[in-house]
Amino acid sequence: MLLLAPIVLLQAPLLAQSLFDRPPTRVMIHNPEATEGKRNRTTITVEVPEDAGNALASIVLTQLPNIDQWDWGRSEPRVYIGDYSLRGKGVNGLASAVVSDSEGVVSIQLTPAVSPGTTVNVVFRGFNPEAGIYQWSTELLAEGDQPVRYDGPTLRLTVYEQDPFH
């Protein structure tokens, strides 16, 4: 038994993973334009708690089953720090996104990672799909090697039909 102890200690660093002491749980989605076919400014807001213990490196959204996929747009997302603002535009270069339409997954990488005690907003420009209810599961990953995936809340947006009298 004593001979196994050094082997276990040597393998311990290989098992190390990046994690949060207290993961972000306040994750929101905003879309100021809720009419089908209209240009949108979809914003993902994440509050990283003061006592998170690690920075937020990435956010993964997986669209729950729906006939239509959400349009995240073609350009890279913009990022701004602070509370959500209807007119918040953000700056380029602080986030990148990989969208997999076939799987309904968008992976957002934040560069640099967002420090504890900070609220980050990631802004996408696209077009609203057909009228319906759109939902996503969320995962949050801490900065570092082999991050643990933390499940966040389910996000929900409603898109309405065009008003024929407008």
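Which pattern does the chain follow when read along the sequence? In this predicted model, the order of elements is α-β-β-β-β-β-β-β-β-β-β. The secondary structure thus comprises 1 helix and 10 strands. Of the 166 residues in the chain, 38% are buried.

## Strand pairing around S8

Strand S8, residues 132-142, pairs with strand S3, residues 56-63, through 7 bridges, and the two run antiparallel. Within this pairing, valine 60 faces glutamate 139 of S8.

S8 is also joined to strand S10, residues 155-159, by 5 bridges, again in the antiparallel sense. Here glycine 132 stands opposite valine 159 of S10.

A further antiparallel pairing, over 3 bridges, links S8 with strand S9, residues 149-151. The bridge partner of glutamate 139 in S9 is aspartate 151. Glutamate 139 therefore appears in two of the pairings described, opposite valine 60 and opposite aspartate 151. The hairpin formed by S8 and S9 has 6 residues between the strands, and glycine 144 in this hairpin adopts a positive phi near 125 degrees.

## Salt bridges

How many salt bridges does the count come to? The model contains 3 salt bridges, listed here with the N to O distance of each pair.

| Positive residue | Negative residue | N to O distance |
|---|---|---|
| Arginine 22 | Aspartate 51 | 3.0 Å |
| Arginine 26 | Glutamate 47 | 3.1 Å |
| Arginine 149 | Glutamate 139 | 2.7 Å |

The side chains of arginine 22 and aspartate 51 meet in a salt bridge. Arginine 22 belongs to the loop between helix H1 (4-15) and strand S1 (26-30), and aspartate 51 to the loop between strand S2 (39-47) and S3, so this contact ties together parts that are 29 residues apart in sequence. Arginine 22 counts as partly exposed because its relative accessibility is 43%. Aspartate 51, at 42% relative accessibility, likewise counts as partly exposed.

Arginine 26 and glutamate 47 form a salt bridge in which the closest N and O atoms are 3.1 Å apart. Arginine 26 lies in strand S1 and glutamate 47 in strand S2, so the pair ties together parts 21 residues apart in sequence. The relative accessibility of arginine 26 is 46%, so the residue counts as partly exposed. Glutamate 47 is also partly exposed, with a relative accessible area of 26%.

Arginine 149 forms its salt bridge with glutamate 139, and the closest N and O atoms are 2.7 Å apart. This pair links distant parts of the chain, with arginine 149 in strand S9 and glutamate 139 in strand S8, 10 residues apart. Arginine 149 has a relative accessible area of 48% and is partly exposed. The strands that carry this pair, S8 and S9, are themselves antiparallel partners.

## Surface charge

Which residues gather in a patch of positive charge on the surface? The patch consists of Arg39, Arg87, Lys89 and Arg125. One of these residues, arginine 87, is located in the loop between strand S4 (78-81) and strand S5 (95-100). Is arginine 87 buried or exposed? With a relative accessibility of 68%, arginine 87 counts as exposed, because the exposed class begins over 50%.

Methods: Residues numbered from 1 in each chain as written. Predicted model: local features only at pLDDT ≥ 70, side-chain atom pairs only at ≥ 80, totals over all residues. Heavy atoms only, no water. Patch = residues over 30% accessible without salt bridge, like charges linked within 9 Å, V, L, I, M, F, W, Y side chains within 5 Å. Areas by Shrake-Rupley, 256 points an atom, 1.4 Å probe, with all protein chains shown as cover. Salt bridge = Lys/Arg side-chain N within 4 Å of Asp/Glu carboxyl O. Lys, Arg positive; Asp, Glu negative; His and termini not counted. Charge placed at Lys NZ, Arg CZ, Asp CG, Glu CD. Helix = DSSP H or I, 4+ residues; strand = E, 2+ residues; numbered from the N terminus. Buried < 20%, exposed > 50% of the residue type's maximum accessible area, 1.4 Å probe, protein only. Pairing = 2+ DSSP bridges.
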